[in-house]
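Reader: I have a sequence and a model open beside me, and I would like to go through them with care. Could you take my questions in turn?

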Amino acid sequence: MSFLDKVKQTTQQVAADLKKGAAQVQTKVGQLQLRRKADEHAKDLGYLIVRERTTGARVSDEVDRLVAAIVDLERQIEEAKAAEEAEAARAAEGGGAAAGTGPADQAPPAEGAPEQGGGGQAGG
């Protein structure tokens, strides 16, 4: 193998590793956004309960909506974590440069798309 072939191979490996790293960061950011949204709903839920207990206001519909939203966000977070763990296991098994470039290019958009879409859906 010539020097230029080695340089080319190394460059391709670095590019694949950078894509994989960027996808992992994007996944983590998506999980953080989902967690913040769930925390925001939990805070709102707390305020509703205080309002109900102090003023006697009927807030059951709002409570039900927030609980459903939190449950959905928690499900999305768990799915994202499971997908991330599966991808990490797949990468650990493959290990090689040729095996690593395919899944790294294909898997992250599938992981990132539901998270960002889910974060937008739960708002409201």
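Reader: What percentage of the residues in the protein is buried?

Author: This is a predicted model, in which local features need pLDDT of at least 70 and side-chain atom pairs count only at pLDDT 80 or more, whereas totals for chains, interfaces and linings use all residues. Residues are numbered from 1 along each chain as its sequence is written, and side-chain values use heavy atoms, with hydrogens and water left out. Buried means under 20% relative accessible area, exposed means over 50%, and partly exposed lies in between, with a 1.4 Å probe and protein chains only. On that basis, among the 124 residues in the protein, the buried share is 24%.

Reader: Which pattern does the secondary structure follow along the sequence?

Author: Helices (H or I, at least four residues) and strands (E, at least two) are DSSP runs, numbered from the N terminus. The protein has three helices and zero strands. Read along the sequence, the pattern is therefore α-α-α.

Reader: How far does helix 1 reach from its first C-alpha to its last?

Author: Helix 1 covers residues 3-55, and it has 53 residues. The expected span of a helix is 1.5 Å times one less than its number of residues, which for helix 1 gives 78 Å. The helix comes close to that value, with a reach of 77 Å.

Reader: Which residue follows helix 1, and what is the sign of its phi?

Author: The residue that comes after helix 1 is Gly56. Its phi is near 80 degrees, and the sign is thus given by the value itself: Gly56, positive.

Reader: What share of the contacts in the protein with a separation of 6 or more comes from residues 24 or more positions apart?

Author: A contact means heavy atoms within 4.5 Å. Among contacts with a separation of 6 or more, the part that joins residues 24 or more positions apart is 73%.

Reader: Which element gives the largest share of the largest nonpolar core?

Author: A nonpolar core is a set of buried Ala, Val, Leu, Ile, Met, Phe, Trp, Tyr and Cys residues joined through side-chain atoms within 4.5 Å. The largest one has six residues, namely Leu45, Leu48, Val59, Val63, Leu66 and Ile70. Two elements, helix 1 and helix 2, each give two or more residues to this core. The largest share, three residues, comes from helix 2.

Reader: Which residues does Ile70 touch, not counting those up to four places away in sequence?

Author: Ile70 is a member of the largest nonpolar core, as is Leu45. In helix 1 the buried residues include Ala38, His41 and Leu45. With residues up to four places away in sequence set aside, Ile70 touches Ala38, His41, Ala42 and Leu45.

Reader: Why does the salt bridge of Glu84 and Lys28 tie together parts that lie apart in sequence, and how many residues separate them?

Author: A salt bridge is a side-chain nitrogen of Lys or Arg within 4 Å of a carboxyl oxygen of Asp or Glu, and the side chains of Glu84 and Lys28 meet in one at 3.4 Å, N to O. Glu84 lies in helix 2 (residues 60-94) and Lys28 in helix 1, so the pair ties together parts of the chain 56 residues apart.

Reader: Is Glu74, which forms a salt bridge with Arg35, buried or exposed, or in between?

Author: In the salt bridge of Glu74 with Arg35, the closest N and O atoms are 2.6 Å apart. This pair links distant parts of the chain, with Glu74 in helix 2 and Arg35 in helix 1, 39 residues apart. Arg35 has a relative accessible area of 28% and is partly exposed. Glu74, at 27% relative accessibility, also counts as partly exposed.

Reader: Which residues are joined into one network by salt bridges that share partners?

Author: Arg75 forms a salt bridge with Glu79, the closest N and O atoms being 2.8 Å apart. The two are four residues apart in helix 2, so about one helical turn separates them. Salt bridges that share partners make one network of Asp72, Arg75 and Glu79.

Reader: How many salt bridges does a search of the whole structure find?

Author: Side chains of opposite charge can pair when their charged atoms come close. The pairs discussed above include Glu84 with Lys28 and Arg75 with Glu79. Over the whole structure, the number of salt bridges found is six.
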